[in-house]
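Reader: I am new to this structure. Please take one part, look at it closely, and then work outwards to what surrounds it.

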Amino acid sequence: MNIVVCIKQVPDAKTVRFDTEKGTLVREGVEAVINPFDFHALEAGFQLKDTYGGEVTVLSMGPPQAENALKEALSLGADKGILLSDRAFAGADTLATTYTLAKAIEKLGPVDLVLCGKQAIDGDTAQVGPGLAVRLGLPYVTCVNALSVLDDGKTMHLRRINEDGYDMLELEMPALLTVLASLNTPRLPSLKGKMRARKAEIPVWGAQELGAEPGMVGLAGSATQVVSTSVPTFEARREMLEGSAEEQVEALISRFKEAGIL
Amino acid sequence: MLKVDIEKCTGCGECEESCTFEAIFVEDEVAVVDQDACTLCGICVDGCPEGALEIHGEEGLLATDLSPWRGIWVVAECRSGVLAPVTLELLAKSGELAGELDTEVTAVLMGHEIESRAQELIFHGADRVLVVDHPELATFTDEVYGNILADLAGRERPEIILAGATAMGRSYIPRVATILKTGLTADCTGLDIRAEDRALLQTRPAFGGNLLATIVCPGHRPQMATVRPHVMKANAPDPGRKGEVIRILPGEDLLSHRVQVLESVKEQAEGPNLSEADVIVTAGRGFEQEKNVELARELADLLGGTVGATRAAVDAGWLSGRTQIGQTGVTVSPKLYMACGVSGAIQHIVGMQGSEIIVAINKDAEAPIFDVTTYGLVGDVKEILPLLIQRIQKERGL
């Protein structure tokens, strides 16, 4: 089974701080990590490979340092990592990103399954998976939290979560899935994997290698533009209610009444 | 690319400080851009006190005529024959936007045996309803719903399409935007019109709500956005409102799909769903045992709310993964959020800190959850919740 997993390097939530005055992210001390959902997409790919054989190729579009994310994916068990990096890719919205990823997947040749995390935790759009599927002409299912492959090795049964419950779905590969964290428990890197990752060369594909049209990638290929950013202020409004458990509950009841909750 | 106007630049260093990518720095009292590192995020442009920074796109590519695109569309979402609340919220908002644009509001209603819902859409603010009623639409598939909407939009040319940022909307609306090769802004919490060029200003949270970005779609139409449920306010229905109902027969070529729905299961509903709930009572590790989670359910029922979970409560198997709030779960912003036995890991906080009133109950007075709470109670949830439940019952005369 030929599997492609798309991952993104994002700022680690634990190290991110925001400047409320400037309305921006604070740069110092921010560490870059693999988007948390993407670990589950990688794990899904590894499990399928463990059962059905084949190859797991990992793609990431980003600045040169996104190589680290790909190396980490290799240490976990990916066979190949490819970095899509080019000045021309900067400023891409989801429309330009899906074009670029689709170009890379087409270049890789026939693929059975493309896996993405449900969304990236920095942009939170959840749009790249579905958009990429459309670009590649593949059927897709979002928010998958259970999957199985039938005996024919081609048909998949999937559980897609929604607000009211879930749908059980069937599709035939090739296809694209976006996965939830509840799908699986990601493995840890092995020592052997780490060694292999350290030595691995990560190929870098730019616009030229992809045969991408200049007007379709990066800022030029984007339909949307950010006009401003701000940091919402959550007013310092902490009030610790005091006294015994009964007294604290009493105080909360009166706050609820003031707020019209009761 | 990012350009510095050296006439205007004073070398103050604001840009250097704001850049997340170390792509701009001051050298010899003027800002210098490392074009390789720059991601064109625009944060420095916005923050430059001198207006010395500008991002230049490829010129001449956006010369398309946008004027044939007129009207606002609201994609109605009908689950089990009932309109999703966010649809009514969008109709109210669209009414305001349509006033500014001097245009009308059209609702697009897809499904099977749903035509009776068309009047409801009109009462809530639609001037026109396009009804696509077909047996193939009885169950939702991304392909059929997406193909029909893209086909209709391509022919009718609305300037704005709005849909709910629900599981369904966030799944198939990106399909529509990609087919139409236009921009889509996910999960908006604010919409406005920029009068001079009719642009839709779309404000959305990123980084789990820690950053708000305002986004436009200048050169492409339609301008598309999904909007978070429960943020905008629906209008009361006006049974006197009149509107036009237009039936559309979908072309056969739009009805094929490769994903088959085998079964749709409604799980035991614990009150309203998380994204639409006014009150959420979240259970964390502090409950210690599964049987104690019943206390959270009881309190949620009493307040007309629903139960959420931390990662720890899901991992312990007390609550289902779909109730998980936080970075790898759902982001919520109810009127009242009660974090019970929740320590407040950053991954949890980013998913709930936009709530109006936050109450936390925790044994540990130093727990980080107290940094974001409105009212903090220090104590064991197993002791405090029964007291609270009793007191609320008394208030309610139960």
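**From one bridge to the contact between chains**

Author: Start with one pair of residues. Thr106(B) has Arg128(B) in β9(B) as its bridge partner. The model is predicted. This pair belongs to two strands of chain B, β8 (residues 105–111) and β9 (residues 128–133). They pair in the parallel sense, over six bridges.

Now widen the view to the sheet around them. β8 and β9 are two of seven strands in an open sheet of chain B. The order is β11-β15-β10-β5-β8-β9-β16, and the pairing is parallel. At the edges stand β11 (184–188) and β16 (244–247) of chain B, each paired on one side only. From one strand to the next, the twist averages 20 degrees. A helix packs on this sheet: α3 of chain B, residues 85–101. It touches β5 (72–76), β8, β10 (160–164) and β15 (223–227) of chain B. The direction of α3(B) makes about 175 degrees with that of β5(B).

Two loops in chain B deserve a stop. The first holds Glu113(B), between β8 and α4 (117–123) of chain B. What sets its backbone apart? Most residues other than glycine have a negative phi, and most peptide bonds are trans. Glu113(B) is not a glycine, yet its phi is positive, at about 55 degrees. The second loop lies between β14 (211–216) and β15 of chain B, and Pro222(B) is found there. The peptide bond from Arg221(B) to Pro222(B) is cis, with omega near 0 degrees.

Step back to the whole of chain B. It is divided into domain 1 (2–55), domain 2 (72–254) and domain 3 (277–395). The centres of domain 1 and domain 3 of chain B, taken over C-alpha atoms, are separated by 43 Å.

Next comes the contact with chain A. How many residues of chain B take part? The number is 93, in contact with 79 residues of chain A. Helix α6 of chain B, residues 167–180, gives the largest share of the chain B side, with eight residues. That side divides into 42 nonpolar, 32 polar and 19 charged residues.

Take α6(B) on its own. Two packed helices are described by the angle between their axes and the distance between the axes. Helix α4 of chain A, residues 128–136, packs with α6(B) at an angle of about 45 degrees, and the axes are 8 Å apart. The angle makes α4(A) oblique to α6(B). The crossing is right-handed. From α4(A), the contact uses Pro130(A), Gly131(A), Val134(A) and Arg135(A). From α6(B), Ser171(B), Pro174(B), Arg175(B), Thr178(B) and Ile179(B) take part. By class, the residues of this contact are four nonpolar, three polar and two charged.

Follow α4(A) into chain A. There, helix α3 of chain A (residues 94–108) crosses α4(A) at roughly 50 degrees, with the axes coming within 9 Å. These two helices are therefore oblique to each other. Their crossing, too, is right-handed. The contact includes Leu95(A), Tyr99(A) and Ile105(A) of α3(A), along with Val128(A), Leu132(A) and Leu136(A) of α4(A). Gly131(A) and Arg135(A) are also among its residues. This contact has eight nonpolar, four polar and one charged residues.

The chains also share a sheet. Strands of a sheet pair through backbone hydrogen bonds, either parallel or antiparallel. Strand β11 of chain A (residues 165–172) and strand β17 of chain B (residues 260–266) run antiparallel, joined by six bridges. In one of these, Gly165(A) has Lys266(B) as its partner. The open sheet has ten strands, in the order β13(A)-β7(A)-β6(A)-β1(A)-β8(A)-β12(A)-β9(A)-β10(A)-β11(A)-β17(B), and the pairing is mixed. Why is one side of β13 (204–205) of chain A and of β17 of chain B left without a neighbour in the sheet? Both stand at the edges with a single partner strand each, so one side of each has no neighbour in the sheet.

Inside this sheet, β1 (residues 2–6) and β8 (residues 113–117) of chain A run parallel over four bridges. Cys6(A) has Cys116(A) of β8(A) as its bridge partner. Helix α1 of chain A (residues 36–52) lies across β1, β6 (55–61), β8, β9 (140–149) and β12 of chain A. It runs at about 150 degrees to β8(A).

One last stop is the loop between β11 and β12 (175–179) of chain A, the place of Pro174(A). A cis peptide bond joins Met173(A) to Pro174(A), with omega about 5 degrees.

Conventions: Residues numbered from 1 in each chain as written. Chains lettered and ligands numbered in written order. Predicted model: local features only at pLDDT ≥ 70, side-chain atom pairs only at ≥ 80, totals over all residues. Pairing = 2+ DSSP bridges. Axes fitted to C-alpha atoms, helices over the stretch in contact; angles between N-to-C directions. Contact = placed C-beta atoms within 7 Å. Nonpolar A, V, L, I, M, F, W, Y, C, P; charged D, E, K, R; others polar. Parallel < 35°, antiparallel > 145°, perpendicular 65-115°, else oblique. Left-handed = near helix turned anticlockwise from the far one by under 90°. Domains from an automatic or database assignment.
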